[in-house]
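Hello,

Here is the structure I promised to pass on to you. Have a look at it first, and then read on for what turned up.

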Amino acid sequence: HEKGYINRENLLIDKHLLESLSENNTLAIATGRPRAEADYPLDVFDLRKFFSDVRTLDDCLEEERKIFQREKRKVSLSKPNPYMLDAIETSHKSNVSKFFFIGDMPDDMVAASKSRAGFVAIGILVSSSEKDSLKEELLRAGADYIVEDFEQLKRILKFKKM
């Protein structure tokens, strides 16, 4: 009878930082959420304009269905499978020289390390109340860097215009 959890989400990154990041970089999203759950906050917080590509659980499920129809075998393309990252790389390899993946879960780090584009895996601790244990898990899963806030990305990504 009340608003759902999706209406309680908070924006974890400053919109000005996203805008700055998007000026000289191609930003994309690879999320394990269904498309509707990814689209909703992009529209509510007016963020869609910063992202050229959004890959979701729905994309994984659709490709899994195609593989099953074609090959009669079941596969899972959700993270930690790098399917979404590889699809982003395929779509943007002509205009992107280096790929980074920022995530807050160990499966994100595994997907980045398994991607054919060699994504640099950046673990972020913003959304966790158990930062120390999450940091250990992210490092074990292959994080190249760990950041505690989005401002630290500037140093890693070497942005000049911030």
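Let me begin with Cys 60, which counts as buried, at 0% relative accessibility. Cys 60 lies in helix H3. Its C-alpha sits 9.2 Å from that of Lys 79, and the two residues are 19 apart in sequence.

Before going further, please keep in mind that this is a predicted model. The protein chain averages a pLDDT of 90, and 92% of the residues score at least 70. Helix H3 (residues 57-71), the home of Cys 60, has the highest mean pLDDT among the elements of the chain, at 98. The lowest mean, 81, belongs to helix H7 (residues 153-157). As a rule of reading, predicted coordinates should not be taken in detail where pLDDT is low.

Next comes Asp 53, in strand S2 (residues 53-55). Asp 53 is buried, with a relative accessible area of 11%; the cut-off for buried is under 20%. Which side chains does the side chain of Asp 53 contact? One is that of Arg 55, joined to it by a polar contact of 2.8 Å. Another is the side chain of His 92, with a polar contact of 3.1 Å.

Now to the sheet. Three strands form an open sheet in the order S3-S4-S5, with parallel pairing. S3 and S5 are the edge strands, each pairing on one side only. From one strand to the next, the twist averages 25°.

Strand S4 (residues 120-124) deserves a closer look. Is it enclosed or open to the outside? Five of its five residues are buried, so S4 is largely enclosed by the rest of the structure. In a regular strand, side chains alternate between the two faces of the sheet. Both faces of S4 are covered: Val 120, Ile 122 and Ile 124 are buried on one side, and Ala 121 and Gly 123 are buried on the other.

On one flank, S4 pairs with strand S3 (residues 100-103) in the parallel sense, over four bridges. Here Ile 102 has Ile 122 of S4 as its bridge partner, and Gly 103 stands opposite Gly 123. S3, helix H5 (residues 106-114) and S4 together make a right-handed β-α-β unit.

S4 also runs parallel to strand S5 (residues 145-147), and three bridges join them. Gly 123 has Ile 146 in S5 as its bridge partner. From S4 the chain crosses through helix H6 (residues 131-140) to S5, and this β-α-β crossover is right-handed.

One last find concerns the aromatic rings. How many aromatic pairs does a search of the whole structure find? The search finds one. The ring centres of Phe 99 and Phe 119 are 5.1 Å apart and the planes stand at 45°, so the pair is tilted. Phe 99 belongs to the loop between helix H4 (83-92) and S3, and Phe 119 to the loop between H5 and S4, so the pair ties together parts that are 20 residues apart in sequence. Both Phe 99 and Phe 119 are buried.

If you want a place to start, try S4, with S3 and S5 as the edge strands of its sheet.

Best wishes

Methods:
Residues numbered from 1 in each chain as written. Predicted model: local features only at pLDDT ≥ 70, side-chain atom pairs only at ≥ 80, totals over all residues. Heavy atoms only, no water. Buried < 20%, exposed > 50% of the residue type's maximum accessible area, 1.4 Å probe, protein only. Helix = DSSP H or I, 4+ residues; strand = E, 2+ residues; numbered from the N terminus. Pairing = 2+ DSSP bridges. Right-handed = clockwise from strand over helix to strand, strands pointing away. Phe/Tyr/Trp six-rings, centres within 6.5 Å; stacked < 30°, edge-to-face > 60°. Axes fitted to C-alpha atoms, helices over the stretch in contact; angles between N-to-C directions. pLDDT = per-residue confidence, 0-100. Polar contact = N/O pair within 3.5 Å; in protein donor to acceptor, adjacent residues only side chain to side chain.
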